[in-house]
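Work through the exercises below with the coordinates open. Each task is followed by a stepwise solution.

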Amino acid sequence: MSNLVELTSDGDVAVITINNPPVNALSPGVPEGISTAIDQIASNPQMRAAVLIGGGRTFVAGADIREFGKMTSGKSRGPGLLPLLLKMEDCGKPIVVAIHGTAFGGGLELAMAGHYRVAAADAQVGQPEVKLGLIPGAGGTQRLPRLAGVAKAVEMCAQGEPVKAPEALRAGIVDQLVEGDLLAGAIAFARQVAAQPVRKTRERNDKLRDAADNAAIFSAARDTVRKKQRSLMAPLAAIDAIEAATRLSFAAGCEQEQKLFLECLHSDQSKALIHVFFGEREVAKIPDIPKDTPVLPVRSAAVIGAGTMGGGIAMVFANAGIPVLLKETEQAALDRGMATIASNYANSVKRGRFSQQVADQRMKLITPTLGYDGFADADMVIEAVFEGMALKKQVFGELDRICKPGTILASNTSTLSIDEIASSTSRPEFVIGTHFFSPANVMRLLEIVRGEATSKEVIATCMTLSKKLAKVGVLVGNCRGFVGNRMFGPYRREAQFLVEEGADIAAVDKALYDFGMAMGPLSVADLAGLDVGWRIRKEYRHLEKPGVRQPLAEDKLCELGRFGQKTGAGWFKYDEQRRSSSDPEVTQLVRQWAREGGIPQRQISSEEIVDRCLYALVNEGARILEEGFALRAVDIDIIYLNGYGFPAYRGGPMWYADTVGLKNVYDRICEFARQHGELWTPAPLLKRLAERGETFAGLHKEQGTAA
Ligand code: 3H9
């Protein structure tokens, strides 16, 4: 037997333990080990029943995701689970699967092939394969509807959300919850059922009903997928596979599942989503900051500025159970900030996200204040005042005088230099950027900006804290706009240029929405407020290179008081409910400004719209990477997926460029450079990789091995 699987016994009950830390994935050797153990149990007359359990912190979190890359490149045939699961079911002695932690994906499929399942009360089960662009590939779409019914199986396989043990019990996925010691409970359960004939999940049909009975479930589920999981193929494939369970025999249903699983596995969507899964974990690893770097305790926090950002950040801390002071300079602004927070919580209660009691507890953790009382004791202060260097420096100077040694002083600036802000304190090693995205209580991204002097402990603390705050923390360097906004500049610039060259405003947004972006760039601008960029551009006008083309329409819209949604008009016009529609007046104005600016008008295809906007993003991303402001290409991808509505199934802008082929991207950028001039100068890194036939992801691997 492999050392990944251990066979022991407790009297007449055999115990199979899977030991493949950290999550007992079904890596090569694990299925084989279980198979050998079952053979031994079957042939041992002293054994009457068996328990299958996971060692360590969890049962089985699924197939080994790292193996999928090898499968698609032909280097591995995959876990070959189906025969093992049949063998388990066919074992004449009852097998009781004991679940703690998570039984996900192949882990739940394994459990469902057991004759019974018992679970710790805090365990979770799920078929999250869709989140990897896959469907269950080891009979999950055939056994789950037999255990839990079609509706539950469709929900679990198409949406991929986990189900907690008590709900799994109600749904019929587990047979009993175990209080106290799980193994002892599972052994006792096994003894109880040892004399009973075994039940095979695959032979149960009582909950399946037929395709006609379930027609409404399938069609409603498909509608939901098309609306909420736009363009994703795996959720629809999962529904198809479950529908097959209601039409075909178990064996034929499994064949259909295999076919659909392999189609998904070989899709670009799945490759991208697997890249995202590992990427989200990769960004937590900072090459020069070892895992054991000490972290500072953050038991209390304070936020300066109760505007949209400050209020949202205070909520983020309260949601994580950390008491937080919220400071404003004037009572009216403070009251407004607290009222917005209260109304956000009330909305969440109304939508059923959490109870009134939870909302009250969170609200109580936020203490409004007009002064610096209590700041001396805060472990971390986050400044979220108006974006202006003089004001920020003044605030940090005050914090330096008030806060205890060891307090982390963080700025939520989205553009300004952390080093310059830090220079107004006597402790730059404790100063860091924590760039939240609006609305801060909703968006998952947190750009953590490393200043020149920021200490490793402070960085490690913020990276750890980001998890506690339910954010994806990505470490970035201190350049203007950091990573996300620096790249967003050229992207938005191209969207405007396209309109000025003749593209229809709605067509620009539609092309990018159809590409998969959560919103088109011009709608995003209207939402954020056109005046924000206008103000920043006025501040930085002196840095613009003479003779280099600048967008003209947005500044002119601002001069007309069209600031976007907040004024009911921007690129689009908005009704009372903030529903948008095209505004012919803007179209006319832009045409007039283009004529005055001597910009020739032409027909522009949606393909050009997508290429211009996305390659502007990629080209700037390549510069950022080369300059070292992002650690790896995947860090940029994770930023764009979590902060800018980039579609996860395309893997992020840098991954997307890799899939298009960097030579193709480079050639197209050169074409744009010939047509539009120096703004399109290809990034040297992109040129190099394209010439060598390499990828951004490959570069990251090289760096990874070098580090
Ligand atoms: C599947 O099962 C297909 C089947 O139908 C069969 C087909 C034939 N494989 O997340 P964490 C690594 S598809 C390989 O930080 P947590 C992870 O990368 C699979 N590695 O811990 C990390 O490595 P590192 C369906 C895996 O406590 C380390 O383990 N299953 C796998 O926050 C710790 O992970 C899923 O999609 C894996 N399956 O969360 C479940 N899982 O330390 C995916 C984790 O080097 N996993 N790793 O960075 C999860 O959702 C979470 O990991 C889990 C634990 C909730 C289990």
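**Exercise 1. Find which residues of helix H25 meet which residues of helix H29 in this predicted model.**

Solution.
- Step 1. Take the H25 side. Asn 619, Ala 622, Arg 623, Leu 625 and Glu 626 make the contact.
- Step 2. Take the H29 side. The partners are Pro 684, Leu 685, Leu 686 and Arg 688.
- Step 3. Sort the contact of H25 with H29 by class. It has five nonpolar, one polar and three charged residues.

**Exercise 2. Describe how the axes of H25 and H29 cross.**

Solution.
- Step 1. Pick the descriptors. Two packed helices are described by the angle between their axes and the distance between the axes.
- Step 2. Fix the ranges. H25 spans residues 606-627 and H29 spans residues 684-692.
- Step 3. Read off the values. The axes come within 7 Å and cross at roughly 95 degrees.
- Step 4. Classify. Angles of 65 to 115 degrees count as roughly perpendicular. H25 and H29 are therefore roughly perpendicular to each other.

**Exercise 3. Characterise the shell around the ligand and its polar contacts.**

Solution.
- Step 1. List the neighbours. The ligand has 27 residues around it; Arg 57, Ala 61, Glu 109, Arg 281 and Lys 285 come nearest.
- Step 2. Divide the shell by class. There are 15 nonpolar, five polar and seven charged residues.
- Step 3. Check the N and O atoms against a 3.5 Å cut-off. A backbone N or O atom of Gly 106 is 2.8 Å from a ligand oxygen. For Glu 129, a polar side-chain atom lies 2.8 Å from an oxygen atom of the ligand. Gly 137 places a backbone N or O atom 2.9 Å from a ligand oxygen.
- Step 4. Compute the cover. On its own the ligand has 1,000 Å² of accessible area, and the protein covers 78% of that.
- Step 5. Assign elements. Helix H2 (66-72), strand E5 (102-104), helix H4 (106-113) and helix H12 (268-282) each give two or more residues to the shell. H12 gives the most, with three residues.

**Exercise 4. Locate two cis peptide bonds and a positive phi in a residue other than glycine.**

Solution.
- Step 1. Recall the background. Most residues other than glycine have a negative phi, and most peptide bonds are trans.
- Step 2. Scan omega. Pro 21 and Pro 22 are joined by a cis bond, with omega about 5 degrees. Pro 22 sits in the loop between strand E2 (13-18) and helix H1 (30-43).
- Step 3. Continue the scan. Ser 438 and Pro 439 share a cis bond, with omega about -10 degrees. Pro 439 is in the loop between strands E15 (431-436) and E16 (445-450).
- Step 4. Scan phi. Ala 470 has a positive phi, near 60 degrees. Ala 470 belongs to the loop between helix H18 (456-468) and strand E17 (472-477).

Definitions and conventions. Residues are numbered from 1 along each chain as its sequence is written. This is a predicted model: local features need pLDDT of at least 70, side-chain atom pairs count only at pLDDT 80 or more; totals for chains, interfaces and linings use all residues. Side-chain values use heavy atoms; hydrogens and water are left out. A residue is near a molecule or strand if one of its heavy atoms lies within 4 Å of it. A polar contact is a pair of N or O atoms within 3.5 Å; within protein, one must be able to donate a hydrogen and the other to accept it, and residues adjacent in sequence count only if both atoms are side-chain atoms. Accessible areas come from the Shrake-Rupley method with a 1.4 Å probe; for residues, only the protein chains shown count as cover. Helices (H or I, at least four residues) and strands (E, at least two) are DSSP runs, numbered from the N terminus. Ala, Val, Leu, Ile, Met, Phe, Trp, Tyr, Cys and Pro count as nonpolar, Asp, Glu, Lys and Arg as charged, and the others, Gly among them, as polar. Axes are lines fitted to C-alpha atoms, for helices over the stretch in contact, and angles run from 0 to 180 degrees between N-to-C directions. Angles under 35 degrees count as roughly parallel, over 145 as roughly antiparallel, 65 to 115 as roughly perpendicular and the rest as oblique. Contact means heavy atoms within 4.5 Å.
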